[in-house]
Amino acid sequence: MIPKSNPNTINVWFDCSNIPTLNICGIYQILSLATGKRYIGSSKNASQRWRSHLKDLKLNRHHSMRLQEEYNIYGIDNFRFNILEFCQPQEKLEKEKLWMTHFTSTEPDFGFNILSEPACAARKLTAKDVKEIKEILGKGIKNLRLAEKFGVSDAAIASIKYVKS
């Protein structure tokens with residue numbers, strides 16, 4: 001299903017080195033000018049989320065290794081950021097999924113999204129998940145790989161790694 005055009009859709013692009021403060025909830029994309037690949041995400045505060053992406057890219061620790069690799073090759077001037085659609089917070093994950101599907105952003109030839117479903121920072125890990133993560137960590141698997149697999153942040157994996165129980 002292609003996201004329908006509606007009054008909540010805008011077409012304003014921003015140079016990624018100078019994003020204005022956009023305290024809005026919506027679906028955004030990060031576009032590579034060199035390859036046309038996209039990262040689709042959602043946030044209650046789009047500009048704050050972009051700053052978080054940029055910080056991780058600059059520190060060479062972005063959760064999307066494909067986006068990180070492209071950033072390392074082309075630099076920040078290769079990317080553009082825009083809001084695809086404004087939405088209510090309770091709608092953002094559903095709408096993010098529609099846009100991910102529309103742009104096939106989980107396919108390596110077309111995008112940088114790693115997970116086939118929108119990652120939600122508030123995802124709850126089950127006791128079984130935590131046990132599995134601890135076992136996998138014992139085998140030397142990197143935090144970022146586990147974060148991608150379980151749909152959580154690198155920080156969530158690190159907290160499991162360093163908590164003794």
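1. Helix α5 and its surroundings. The buried residues of helix α5 in this predicted model are Asn143, Leu144, Leu146, Ala147, Glu148 and Phe150. Because six of the eight residues of α5 are buried, this helix is largely enclosed by the rest of the structure. The cover over these buried residues includes helices α2, α4 and α6. Just after α5 comes Gly151, whose phi angle is positive, at about 70°.

2. Helix α4, a neighbour of α5. Which residues of α4 are buried? In this helix, which spans residues 127–137, they are Asp129, Ile133, Ile136 and Leu137. They lie on the same side of α4, because they cover an arc of only 100° around the axis. An α-helix has 3.6 residues a turn, so residues three or four places apart point the same way. The face turned away from the buried side of α4 carries the exposed residues Ala127, Lys128 and Lys131. Among the elements that cover the buried residues of α4 are α5 (143–150) and α6 (154–162).

3. Overall arrangement. The student may wish to place these helices within the whole chain. The protein chain contains six helices and four strands. Read from the N terminus, their order is β-β-β-α-α-β-α-α-α-α. Of the 165 residues in the chain, 42% are buried. The chain exposes about 9500 Å², and carbon and sulfur atoms supply 53% of that area. Among contacts with a separation of 6 or more, 62% join residues 24 or more positions apart.

4. The nonpolar cores. In soluble globular proteins, nonpolar side chains tend to be buried together. Here the largest nonpolar core has 14 residues, of which Tyr28, Ile30, Tyr39, Trp50, Leu67, Phe79 and Phe81 touch the most other members. Two or more residues of this core come from each of β2 (26–32), α1 (46–58), α2 (65–74) and β4 (79–86). Which element gives the most to this core? It is α1, with four residues. There is also a second, separate core of nine residues, and its members include Leu137, Leu146, Ala147 and Ile160. Two of the helices discussed above are represented in that list: Leu137 is a buried residue of α4, while Leu146 and Ala147 are buried residues of α5.

5. The cysteine pair. How many disulfides does a search of the whole structure find? The search finds zero. A disulfide is a covalent bond between the sulfur atoms of two cysteines. For Cys25, the closest cysteine sulfur is that of Cys87, and no bond is assigned because the separation of 4.1 Å is too far; the cut-off for a disulfide is a sulfur pair within 2.5 Å. Viewed from Cys87, the closest cysteine sulfur is in Cys25, at 4.1 Å. Both residues are nevertheless buried: Cys25 has a relative accessible area of 12%, and Cys87 has one of 9%.

6. Asp56 in helix α1. Asp56 belongs to helix α1. Is Asp56 buried or exposed? Asp56 counts as buried because its relative accessible area is 17%, and the cut-off for a buried residue is under 20%. Apart from its neighbours within four places in sequence, Asp56 is in contact with Arg61, His62 and Gln68.

7. Arg38 in strand β3. Arg38 is part of strand β3, which covers residues 38–43. The side chain of Arg38 makes a polar contact, at 2.5 Å, with the side chain of Gln29. Arg38 also illustrates how residues far apart along a chain can come together in space: Gly111 is 73 residues away along the chain, yet the two C-alpha atoms are separated by 4.5 Å.

8. Tyr74 in helix α2. Tyr74 is located in helix α2. Tyr74 counts as partly exposed because its relative accessibility is 43%, which falls between the limits of 20% and 50%. Leaving aside neighbours within four places in sequence, the contacts of Tyr74 are with Ala34 and Thr35. The C-alpha atoms of Tyr74 and Ser32 are 8.9 Å apart, and these two residues are 42 residues apart in sequence.

Terms used. Residues numbered from 1 in each chain as written. Predicted model: local features only at pLDDT ≥ 70, side-chain atom pairs only at ≥ 80, totals over all residues. Heavy atoms only, no water. Polar contact = N/O pair within 3.5 Å; in protein donor to acceptor, adjacent residues only side chain to side chain. Core = buried A, V, L, I, M, F, W, Y, C linked by side-chain atoms within 4.5 Å. Buried < 20%, exposed > 50% of the residue type's maximum accessible area, 1.4 Å probe, protein only. Contact = heavy atoms within 4.5 Å. Areas by Shrake-Rupley, 256 points an atom, 1.4 Å probe, with all protein chains shown as cover. Arc of directions from axis to C-beta.
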